[in-house]
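Please work through the exercises below with the sequence and the model at hand. Each task is followed by a worked solution.

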Amino acid sequence: MIKNIILDMGNVLMDFDPEVSLRRFLDNDADRDIIRNELFHGPEWLMGDEGILKNAERYEPVSKRVPQRLHPQLKNIVEHWNDCMQPIAGATEFCDCMKEKGYQIYVLSNADDTFFDYFPRFKEISWFDGVTVSSTIRIVKPNLDIYEYFLEHYHLTADECLFIDDRLENVVAAECVGMHGFVFKGNYDDIIQKHCL
């Protein structure tokens, strides 16, 4: 019996869309491609989620791979990338409904050190029964250790947990430790129907 709902943050609760800052600070596709590839797809992005680099520390190493003419725009994008992080339609209503029904609500997210700055745009941290962020504990999904840590930290039984993430590999990993899993594709009603919540 499911008692606990564990949600990923990016593209499940909040809209992670790097194109917002890329369009804001760059006026052509070629320059957007350069910074998209070097910042959002470069090693520093994962290092942020791993807690190895703080967001403010990303600019310098990434700038070495970006033409100097784009350095001001890169700096702005590093500083403002999370402006895109706004609640996804239906997410707050889903969380409120599930809590009213008696489920414990948790967040388990790969995110950098700015998580605690922007996440209150969704809900205050204290509203949740628990929040675990990869950069804080220096383990990222889909490493099984992060799920084991989460279950142990909150004293939860895996079979009583439903884990919701937009990435298949993260859901498969959660299922490997005994959780129920659901790959989110933008419709909260699908979760309710499949799991009879």
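The exercises concern one strand, its partners and the nonpolar cores of a predicted model.

**Exercise 1.** Determine whether the residues of strand β4 (residues 161-165) are buried or exposed, and assign the direction of each side chain.

*Solution.* Step 1: apply the cut-off, by which a buried residue has under 20% relative accessible area. Step 2: five of the five residues of β4 are buried, so the strand is largely enclosed by the rest of the structure. Step 3: C161, F163 and D165 point one way, while L162 and I164 point the other way. Both sets are buried.

**Exercise 2.** Identify the strands that pair with β4 and the residues that stand opposite F163.

*Solution.* Step 1: strand β1 (residues 4-7) pairs with β4 in the parallel sense over four bridges. In this pairing, I6 stands opposite F163. Step 2: strand β5 (residues 180-183) also runs parallel to β4, joined to it by four bridges. Here the bridge partner of F163 is G181. Step 3: follow the chain from β4 through helix α10 (residues 168-176) to β5; these elements make a right-handed β-α-β unit.

**Exercise 3.** Describe the largest nonpolar core and the contacts of L7.

*Solution.* Step 1: the largest core has 46 residues, and L7, L13, F94 and I164 have the most contacts inside it. Step 2: helix α6 (residues 91-100) gives the most to this core, with four residues. Step 3: leaving aside neighbours within four places in sequence, the contacts of L7 include L13, F94, I105, V107, I164 and Y188. Step 4: a second, separate core has 18 residues, among them Y106, I139, V171 and V177.

How values were computed: Residues numbered from 1 in each chain as written. Predicted model: local features only at pLDDT ≥ 70, side-chain atom pairs only at ≥ 80, totals over all residues. Heavy atoms only, no water. Buried < 20%, exposed > 50% of the residue type's maximum accessible area, 1.4 Å probe, protein only. Helix = DSSP H or I, 4+ residues; strand = E, 2+ residues; numbered from the N terminus. Pairing = 2+ DSSP bridges. Right-handed = clockwise from strand over helix to strand, strands pointing away. Core = buried A, V, L, I, M, F, W, Y, C linked by side-chain atoms within 4.5 Å. Contact = heavy atoms within 4.5 Å.
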